[in-house]
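Biologist: I am new to this structure and would like a close look at a single helix. Please take one part, work through it, and then place it in the rest of the model.

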Amino acid sequence: MTAYILQRLIQSVLVLLAVSVVVFLAVYGIGDPIELLVPPQVSAAERTAMIRRLGLDLPIWQQYFGFLGNALKGDLGRSFVHGVPAVDLILARLPATFELVLLAMSLAAVVGIPLGLLAGLNPESRPSRAIMAGTILGFSLPSFWKGMMLILLFSVFLGWLPTAGRGETVSVLGLETSLLTLNGLKHLTLPALNLAIPNMALMIRLVAAGTTEAMTQDYVKYARAKGLRSKRIVGRHVLRNILIPVVTVAGMEFGSLVAFSTITETVFAWPGMGKLLIDSIYNLDRPVVVAYVMLATLLFVAVNFLVDILYAALDPRVKLTGEMA
Amino acid sequence: MNSLKAMPATVGADADTPLRRQVLRRIRSRPTTRGAMILLAILLLLALLAPFIAPQNPHDLGSLSVMDNRLEPGSQGMTGITYWLGTDAQGRDMLSAILYGLRTSLLVGLTSTVGALLIGVFAGLVAAQFGGAVDAAIMRVVDFMLGFPSILIALVLLASIGRGIDKVIVAIILVQWAQYARLMRAAALVERRKEYIEAAVNFGLPTRHIMLAHLLPNSIGSVLVVSTISIAGAITLEATLSFLGVGVPVTQPSLGLLIANGFEFLLSGEYWIAAFPGIALVLLIMSLNLVGERLRRSFNVRGP
């Protein structure tokens, strides 16, 4: 186990290094770094001073090690627009995004697992077919348009829910959250639902496929032969066995939900890190974009690492030595 | 419905009928899939014929009348033209804009899929054929690419190179080739163990000939099946990027950009500017997904 963890850890660090090289080349290599990193409104003297201070007159490999050294110290540059360190800016927006993503994941699980079981137990029945057709719709609706239509229906036509922002927040252990106020929950409902729908569809498909397969396994036949009731077979044996892949996929989806929240946050003006990324792209606030990419990479790599380790620990059939296929 | 149950679960199980006939029969036998195919054909036809059937040329700003801006669906314009789906902020007929937008969306979706297929299939084939360090190097890059959500890679790339149809296509190719490479490698590895390849090797046929004349045609099937669903993915990705403002240019709006243009008028209840292009987009993506899903199941191919 230790050897496996170590091997995965080295891989993760290599991925991070690779991304840092790509990002560095993208910012410093392809474009004109002076144009990207020095705000256009400064005077010529300030400009020269900034070029010297940022080390842009040094050879490129020296610049890369400077960039890497600063990144390791948690310094990924200052935002042009806000004038504060880019990393701080993103970390301040992190709770809003995580709140949205966690609620969306819970929604997807609460709706997806029962519907998936239902569809998987009787795959040829009419309701099951309707559920499976619904999942195709869930995958097919583009996130941004679906969000707009949710606003149109629930906010413009029905007037039930607000269209934008986070609403009232309360501070819990130093973190602002909308989960604990009625107004905040109202603001959360539509964005979380919008983010959850494709994941619900994914969850339904995974659980349905797993259930259909599990029902043909020997242990189910044995449980039947023992005279166990269907409810107990499904609840105790089938569900347990299909939850391993479901948990794994849910873990891996966490990263992609953070990425997709970029779209949802833009539609619902949700003040998370995704909205910050889009705003920074519009404002040509490159340090924030670079910092977002590096932090997002760190997040994905960390999540993948944890999921792999958990998977290896949960499922005894996963080989712990050598290459993972 | 009863005839369906008598049919083999996957194609290929019934040896007497040719494979293509079996697939076509299975696709036609499902009413949903048949409907999706007809819909897809209609949408393709509409996109192809847009310049001939659209009531207006939405790119020709001279023919637009700003007086007709944001009219409700079914309104009559200054020149007597009826706007069946309403008009946008520039007084552009939404129906015409959607027909032309469909063209842009399909152009980007199809071109980028073909590009990604070419690169991915080549990379997968090379990895499977040569193995060893070449394989390891290619697959590390593939794992690396697939480790990140495609929307994020494309978004950041376009943020640094700017918007444009060609640039969007490049971005989509960059994020989609890796899945084809992985599928192609897996299929080609299975195929390489078969006897006819061994025979070809023993005959002393050149490696390039074995790869292109034997390995490629026999293992590309599953990749092509998956590519149908991937076209839908490419179209969605383009629409999303255009909505976020880093996609196609405003002079050649795709369905995604049309929806984005309608966003600001949504709250005042002028729903048609955003809603109708969205419906066209969803119909296109749904029909591609339904057909692709049925193909995938019929050939028993696992998704990417």
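Modeller: The expected span of a helix is 1.5 Å times one less than its number of residues. Helix α5 of chain A, residues 86-121, has 36 residues, so a span of 52 Å is expected. The C-alpha atoms at its two ends lie 50 Å apart, which agrees with that figure. The model is a predicted one, and α5(A) has the highest mean pLDDT among the elements of chain A, at 89. The helix is not straight throughout: at Leu94(A) there is a bend of about 35°. A proline, Pro95(A), follows that residue within four residues.

α5(A) belongs to a chain with twelve helices and two strands. Starting at the N terminus, the order of elements in chain A is α-α-α-α-α-α-α-β-β-α-α-α-α-α. Of the 325 residues in chain A, 37% are buried. If the contacts of chain A are limited to residues at least 6 apart in sequence, 69% of them join residues at least 24 apart.

Confidence varies along this chain. Its average pLDDT is 81, and 90% of the residues score at least 70. The lowest mean among the elements of chain A, 64, belongs to helix α2, residues 33-37. Over residues 321-325 of chain A the pLDDT stays under 50, and the model gives this stretch two contacts beyond four places in sequence.

Three single residues of chain A can be looked at in turn. Lys186(A) sits in helix α8 of chain A, which covers residues 182-214. A residue counts as partly exposed when the number of other C-beta atoms within 10 Å falls between the limits of 12 or fewer for exposed and 20 or more for buried. Lys186(A) has 15 such atoms, so it is partly exposed. Apart from residues up to four places away in sequence, Lys186(A) touches Leu161(A), Pro162(A) and Gly167(A). Leu161(A) is 25 residues from Lys186(A) along the chain, with 6.0 Å between their C-alpha atoms.

Ala269(A) lies in the loop that joins α10 (230-267) to α11 of chain A. Although Ala269(A) is not a glycine, its phi is positive, about 45°. With 13 other C-beta atoms within 10 Å, Ala269(A) is partly exposed.

Asn283(A) is in the loop between α11 (273-282) and α12 (286-314) of chain A. Asn283(A) is also partly exposed, because 14 other C-beta atoms lie within 10 Å. In sequence Asn283(A) and Phe80(A) are 203 residues apart, whereas in space their C-alpha atoms are 8.9 Å apart.

Chain B can be described in a similar way. Its secondary structure consists of twelve helices and two strands, in the order α-α-α-β-β-α-α-α-α-α-α-α-α-α along the sequence. Chain B has 304 residues, and 44% of them are buried. Of the contacts in chain B between residues at least 6 apart in sequence, 68% join residues at least 24 apart.

One helix of chain B lies largely in the open: α8(B), residues 195-202, has eight residues and the number buried is zero, which is why it is described that way. After α8(B) comes Gly204(B), with a positive phi near 80°.

The two chains meet in a contact that takes 33 residues from chain A and 32 residues from chain B. On the side of chain B that touches chain A, the elements giving two or more residues are α6 (150-161), α10 (221-243), α11 (255-266) and α12 (272-299) of chain B. α12(B) supplies the largest share of that side, ten residues. By type, the residues on the side of chain B that touches chain A comprise 23 nonpolar, eight polar and one charged.

The largest nonpolar core has 153 residues, and those with the most contacts inside it are Ala104(A), Ile98(B), Leu155(B) and Ile172(B). The element that gives the most to this core is helix α4 of chain B, residues 94-130, with 16 residues. Leu155(B) is in contact with Leu241(B), Leu244(B) and Val246(B), once its neighbours within four places in sequence are left aside.

Note on methods: Residues numbered from 1 in each chain as written. Chains lettered and ligands numbered in written order. Predicted model: local features only at pLDDT ≥ 70, side-chain atom pairs only at ≥ 80, totals over all residues. Contact = placed C-beta atoms within 7 Å. Nonpolar A, V, L, I, M, F, W, Y, C, P; charged D, E, K, R; others polar. Bend = angle between axes of the 7 residues up to and from the residue. Core = buried A, V, L, I, M, F, W, Y, C linked by C-beta atoms within 7 Å. pLDDT = per-residue confidence, 0-100.
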